[in-house]
Amino acid sequence: PFIIELREGRVVEVSAQTTALAALRAAGVPLLASCENGVCGTCECGMLGGQPIHRDSILSKDARGHRFIACVSRATGVLKLDL
Ligand code: FES
């Protein structure tokens, strides 16, 4: 499990059984998605801090420092997203 912190300071827990995308949607954050498999980029978010575990196959090496693919990627601890 890990925690996503939103810009406004609200936190959303992502359990081991769900995805960041699903947890965010369940918390009322409207995120678009399409493939839900880490390849299309529709669910891409800005990332402000934290230790992501990138599992997508679309972000460039550079983008991995500040972008996050919510349908497949995870994190350790608290991940701050630009949402
Ligand atoms: Fe396609 Fe996440 S929905 S990469």
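Two strands are taken to pair if DSSP finds at least two bridges between them. In this predicted model, strands S3 and S5 satisfy that criterion, pairing in the antiparallel sense over five bridges. One of the contacts in this ladder can be located at proline 52, whose bridge partner in S5 is alanine 75.

Strand S3, which spans residues 44-53, also pairs with strand S4, residues 67-69. This second pairing is likewise antiparallel and runs over three bridges. Two of its positions may be followed residue by residue: glutamate 44 has isoleucine 69 as its bridge partner in S4, and cysteine 45 has phenylalanine 68. In general, strands of a sheet pair through backbone hydrogen bonds, in either a parallel or an antiparallel arrangement.

These pairings belong to an open sheet of five strands, ordered S2-S1-S5-S3-S4, in which the pairing is mixed. Strand S2 (11-14) and S4 stand at the edges with a single partner strand each, so one side of each is left without a neighbour in the sheet. On average, neighbouring strands of this sheet are turned by 40 degrees against each other, direction ignored.

The sheet leads on to the nonpolar core. As a general tendency, nonpolar side chains in soluble globular proteins are buried together. The largest nonpolar core of the model holds 20 residues, and those that touch the most other members are Ile4, Ala20, Leu24, Ala70 and Leu81. Two or more residues come from each of strand S1 (2-5), S2, helix H1 (20-26), S3, S4 and S5. Helix H1 gives the most to this core, with four residues.

Isoleucine 4 offers a view of the surroundings of one such core member. Apart from neighbours within four places in sequence, isoleucine 4 is in contact with Val11, Val12, Val14, Ala20, Leu24, Leu79 and Leu81.

A further position to examine is leucine 83, which lies in the segment after strand S5 (74-81). Is leucine 83 buried or exposed? Leucine 83 has 21 C-beta neighbours inside 10 Å, and the threshold for a buried residue is 20 or more, so leucine 83 counts as buried. When neighbours within four places in sequence are set aside, the contacts of leucine 83 are Leu6, Arg7, Val29 and Cys45. The last of these, Cys45, is the residue whose bridge partner in S4 is phenylalanine 68. Asparagine 37, by comparison, is separated from leucine 83 by 46 residues in sequence and by 21 Å in space, C-alpha to C-alpha.

Key: Residues are numbered from 1 along each chain as its sequence is written. This is a predicted model: local features need pLDDT of at least 70, side-chain atom pairs count only at pLDDT 80 or more; totals for chains, interfaces and linings use all residues. A residue is buried if 20 or more other C-beta atoms lie within 10 Å of its own, exposed if 12 or fewer, and partly exposed in between; C-beta atoms are placed from the backbone. Two residues are in contact if their C-beta atoms, placed from the backbone, lie within 7 Å. Axes are lines fitted to C-alpha atoms, for helices over the stretch in contact, and angles run from 0 to 180 degrees between N-to-C directions. A nonpolar core is a set of buried Ala, Val, Leu, Ile, Met, Phe, Trp, Tyr and Cys residues joined through C-beta atoms within 7 Å.
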